[in-house]
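Reader: Hello! I'm in my first year and I'd like a close look at one part of this model, the place where the ligand sits. Could you walk me through it and its surroundings?

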Amino acid sequence: MAQQIHIIEDDVAFGKMLTTFLERKGFQVSVSLTGQSARKTLAENNFDILITDLQLPDDSGLELLEYSQQVSPKTKVILMTGYAEVDTAVKAIKKGALDYISKPFRPEELLMIIEEDSQKIDSSETYISKTSEKKISPKTISEKPNFVVGISGSSKKFNEYLKLVGPTDMCVLIQGESGTGKEVAAKAIHNFSNRKGESFVAVDCGAIPKEIAASEFFGHVKGSFTGAINDKKGHFEAADGGTLFLDEVGNLSYENQIQLLRALQERRIKPVGSNTEIEVDVRILSATNEDLLKAVSDGKFREDLYHRLNEFSIHIPSLHERKEDLFLFTEYFLNEANSSLGKEVLGLSKEVGEAFKNYPWPGNLRELKNVIKRSVLLTNSALIPLEVIPREVLFSTKQKKEFLDFSKESNEKQLIINALKEADFNKTKAAKLLNITRKTLYNKLELYKIEL
Ligand SMILES: Nc1ncnc2c1ncn2[C@@H]1O[C@H](COP(=O)(O)OP(=O)(O)OP(=O)(O)O)[C@@H](O)[C@H]1O
């Protein structure tokens, strides 16, 4: 059946353009123009994908994301953001959004996000296992490991820790901002261990509704609740002999934390509706991008569970903290993008390299990978040109703030001059930096008598 997409977009023409494009690609598409009508539609339907503007006249994309997670937890959410909203978009990813895309974008870029996701299998439901009857997730370590070891001091240190703790049976808590590579690090630990040939099960704790968490973790027997039409193995049993990776562990409800703690202490689980306990041998790795100690002191996360999960902790530095690694990862993601898109882009143009260096990369490696893949898709030359780079990447935070003040007339003349300098006096690039059309730029040059 065709995937169902719902778009929330108050710009009628843009919404129509996206609808036509996606329908032509075989999706079933509907549109809401306001948050209010979208909420009603979301409550009555189960869409596969929701694409929403971050800013709507009567609502916010972040709140719609939360609403969608409540009424239709399986719906994936993609946010469309404007210039300079990338920090909020990163927040949205932390809250469980699939991805974000900065406007203006070409519909092909959106399609790429959707297609990439549909090639994955939901990690909260599936796993790789030693036995062939189980489902295979592409998020598995048993495939060729794709791991770049950085050259920066902090990367080297954390990679040493991975190697050191890998062969032990210790529970490891991996901390780091969103997109820094926590799941990749967990897979590396598993690969360094003697459980390597066994299963690696990744569970996104933020994606499991608390009502069904026990059945997801411990399984259930047929008929134990409405909808339990067959016996089902839980993640613990699936990971038996191997590693269970609990991503976003801080998102577990208090009740689920108690259940998890009991399973970790006793090393036994009882499927929902069963009287029989099953012994399991599972190594637990967990990850969080929040301050779990603060959650403990706020009473949101159990201290005993925290200590059990945290026999060893690893902090993964943000990309900003390991700038020396930037071009190593750039090259790696460029090769990856070239081979998946069938392109032969050789590298970054000089200006793009500069922009990359100045940008703080709040979405870390995931953002770098996405920016590179989208840029490779749009590049028709040997080197990635400035034109295909998302606008937010073009400025450092400071510059971004300045250009945001563009509307203030007093600054306008100076900002135009700055943008022209930044763009080596190329008017098309300068207009793009200022988020105005070339024609408007020409008018302003005349108005302020700026001569080039
Ligand atoms: N060392 C690495 N080598 C190659 N690719 C990496 C490495 N670390 C991370 N990546 C890539 O960066 C992206 C983000 O990594 P990952 O999903 O592990 O981050 P995360 O910290 O678990 O994110 P989140 O907090 O959102 O769950 C992935 O596409 C991953 O393949």
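Author: Happy to! Let's begin with the whole chain and then move in. Please keep in mind that this is a predicted model. The secondary structure of the protein chain comes to 20 helices and 16 strands. The chain has 452 residues, and 41% of them count as buried. Take the contacts in the chain with a separation of 6 or more: 69% of these are between residues 24 or more positions apart.

Now to the ligand. Around it are 18 residues, of which Val148, Gly181, Lys182, Glu183 and Leu365 come nearest. By type, the shell has six nonpolar, seven polar and five charged residues. Where does the ligand lie with respect to domain 2 and domain 3? Domain 2 (153-315) and domain 3 (320-394) both give residues to the shell, so the ligand lies between them. Two helices to look for here are α7 (182-192) and α15, since each supplies at least two residues of the shell.

Let's take α15 next. This helix runs over residues 364-378, which makes 15 residues. At 1.5 Å a residue they should span 21 Å, and the end C-alpha atoms are indeed 21 Å apart, so the expected and computed spans agree. Is α15 mostly covered or mostly open? It is mostly covered, with eleven of its 15 residues buried. Leu365, one of the residues that come nearest to the ligand, is among the buried ones. Charged residues are on that list too, including Glu367, Lys373 and Arg374.

Just ahead of this helix, in the loop between α14 (350-358) and α15, you will find Trp361. Its phi is near 50 degrees, a positive value in a residue other than glycine. Trp361 counts as buried because it has 23 C-beta neighbours inside 10 Å, and 20 or more is the cut-off.

The other helix, α7, has Lys182, Ala185, Ala186, Lys187, Ile189 and His190 as its buried residues. What covers them includes the helix α6 (153-165) and the strands β8 (172-175), β9 (200-204), β10, β13 (283-288) and β14 (312-315). Phe192 also lies in α7, but this residue is partly exposed because it has 16 other C-beta atoms within 10 Å, a count between the limits of 12 and 20. Beyond its neighbours within four places in sequence, Phe192 is in contact with Leu162, Lys163, Gly166 and Pro167. Phe192 and Thr168 are 24 residues apart in sequence, and their C-alpha atoms are 9.1 Å apart in space.

From α7 we can step into the nonpolar interior. In soluble globular proteins, nonpolar side chains tend to be buried together. Here the largest nonpolar core has 42 residues, and the members that touch the most others are Val172, Ile174, Val201, Phe236, Leu244 and Phe245. Leaving aside its neighbours within four places in sequence, Ile174 is in contact with Lys182, Ala185 and Ala186, as well as Leu285, Ala287, Ile314 and Ile316. Apart from this core lies another, of 32 residues, among them Leu18, Leu54, Ala92 and Leu110.

One last stop is Glu248, in the loop between β10 (243-247) and α10 (254-266). Glu248 also has a positive phi, near 50 degrees, and it is buried, with 22 other C-beta atoms within 10 Å.

Terms used: Residues numbered from 1 in each chain as written. Predicted model: local features only at pLDDT ≥ 70, side-chain atom pairs only at ≥ 80, totals over all residues. Helix = DSSP H or I, 4+ residues; strand = E, 2+ residues; numbered from the N terminus. Expected span 1.5 Å × (residues − 1). Near = placed C-beta within 6 Å. Nonpolar A, V, L, I, M, F, W, Y, C, P; charged D, E, K, R; others polar. Domains from an automatic or database assignment. Core = buried A, V, L, I, M, F, W, Y, C linked by C-beta atoms within 7 Å. Contact = placed C-beta atoms within 7 Å.
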